[in-house]
Amino acid sequence: PSFETVLVETRGAVGLVTLNRPKAMNALNAQLVRELGDAVAAFDADDAIGAVVIRGGEKAFAAGADIREMAEQSFSDVYLADLGAAWRRLLDCRKPLVAAVSGYALGGGCELAMMCDIIIAAEDARFGQPEITLGIIPGFGGTQRLARAVGKAKAMDLVLTGRMMDAQEAERSGLVARLVPAERLTEEAIAIADRIASLPRVATLSAKEAVNAAFESPLSEGARAERRSFQALFATEDQKEGMAAFLEKRKPQFRNR
Ligand code: HXC
């Protein structure tokens, strides 16, 4: 499929989605959110793809929901539009999503990054939830995912003041997995996704599901789900191959079976 607001490419087993509304700092209008959902769902369904990178531009990953589009909307407009359905398609993606953030990741842009499984940031990245300055609050999970990622103190600080944090603070706070020089951002994000894509896929999707369970269930239930997946992986050929290869001191040949 061809899109207007996102660019889609593949790099080996990695799907690369580039948000592409540079004149508006990649503001997330309804079309972009829909196309992003379609692009990610297509990669999720593609056997040749093992992981997906989502990146923006140099100046902005995404500066949030489109304020021009929202400015005149009523409660009924926003309620009936329910962009949540489009966002859920990202959350439904079973393959790992890597966000490569440089420049601004604000509002819905920060929330988009937090819906991904790993955030890699350029040293010039800036994160924030400035919604309060517009008379609204985050609406795509920002209050929930930020609080889980960085704790209550910093989440309250950011959400109540609308201030931005730089990449160093974001990394220190646990929002960002790795910091890299800006010019190496895409390359590093693709290298991480490529590494993930090279590993046995059934275990990879199970691992993502298990880590996510840590945030969606009490500890005992998450641990039970993890144990069941752990046990179930002994039914895969890749478990036999991975362990045999280790013992025979050779490289494993994974077949995603
Ligand atoms: C629409 C936007 C935009 C946005 C930037 N632009 N952000 N348009 N929606 N969120 C547009 C500007 O209007 C401008 O268009 C062009 O992009 C360049 O932006 P400038 O402001 O001129 O650039 P700069 O001075 O470098 O400042 C960059 C910035 C600033 C700090 C990122 O643009 C900014 O503060 N943007 C808004 C950030 C924000 O409040 N985000 C939260 C949105 S609410 P023109 O046509 O003038 O060139 C949200 C809610 C999510 O995300 C949940 C909803 C359910």
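**A walk around the ligand**

Start by selecting Ala 65 together with the ligand: a backbone N or O atom of this residue sits 2.8 Å from a ligand oxygen atom. Keep in mind as you go that this is a predicted model.

Next, add Gly 108. One of its polar backbone atoms is 2.8 Å from an oxygen atom of the ligand. Then move to Ala 63, where a polar backbone atom lies 2.9 Å from a nitrogen atom of the ligand.

Now show the ligand's surface. On its own the ligand would expose 1,000 Å², and the protein buries 64% of that.

Which elements give two or more residues to the shell around the ligand? Color helix H2 (67-70), strand E6 (104-106) and helix H5 (108-115) to see them. Linger on H2, since this helix gives the most to the shell, with three residues.

Time to widen the selection to everything surrounding the ligand: you should pick up 22 residues. The closest are Ala 63, Ala 65, Ile 67, Gly 108 and Gly 139, so you have already visited some of them. Color the shell by residue type and you will find twelve nonpolar, four polar and six charged residues.

Before you leave, switch to confidence coloring. The protein's average pLDDT is 96, and 100% of the residues score at least 70. For the complex, the predictor gives an ipTM of 0.97 and a pTM of 0.96.

Definitions and conventions:
Residues numbered from 1 in each chain as written. Predicted model: local features only at pLDDT ≥ 70, side-chain atom pairs only at ≥ 80, totals over all residues. Heavy atoms only, no water. Near = heavy atom within 4 Å. Polar contact = N/O pair within 3.5 Å; in protein donor to acceptor, adjacent residues only side chain to side chain. Areas by Shrake-Rupley, 256 points an atom, 1.4 Å probe, with all protein chains shown as cover. Helix = DSSP H or I, 4+ residues; strand = E, 2+ residues; numbered from the N terminus. Nonpolar A, V, L, I, M, F, W, Y, C, P; charged D, E, K, R; others polar. pLDDT = per-residue confidence, 0-100.
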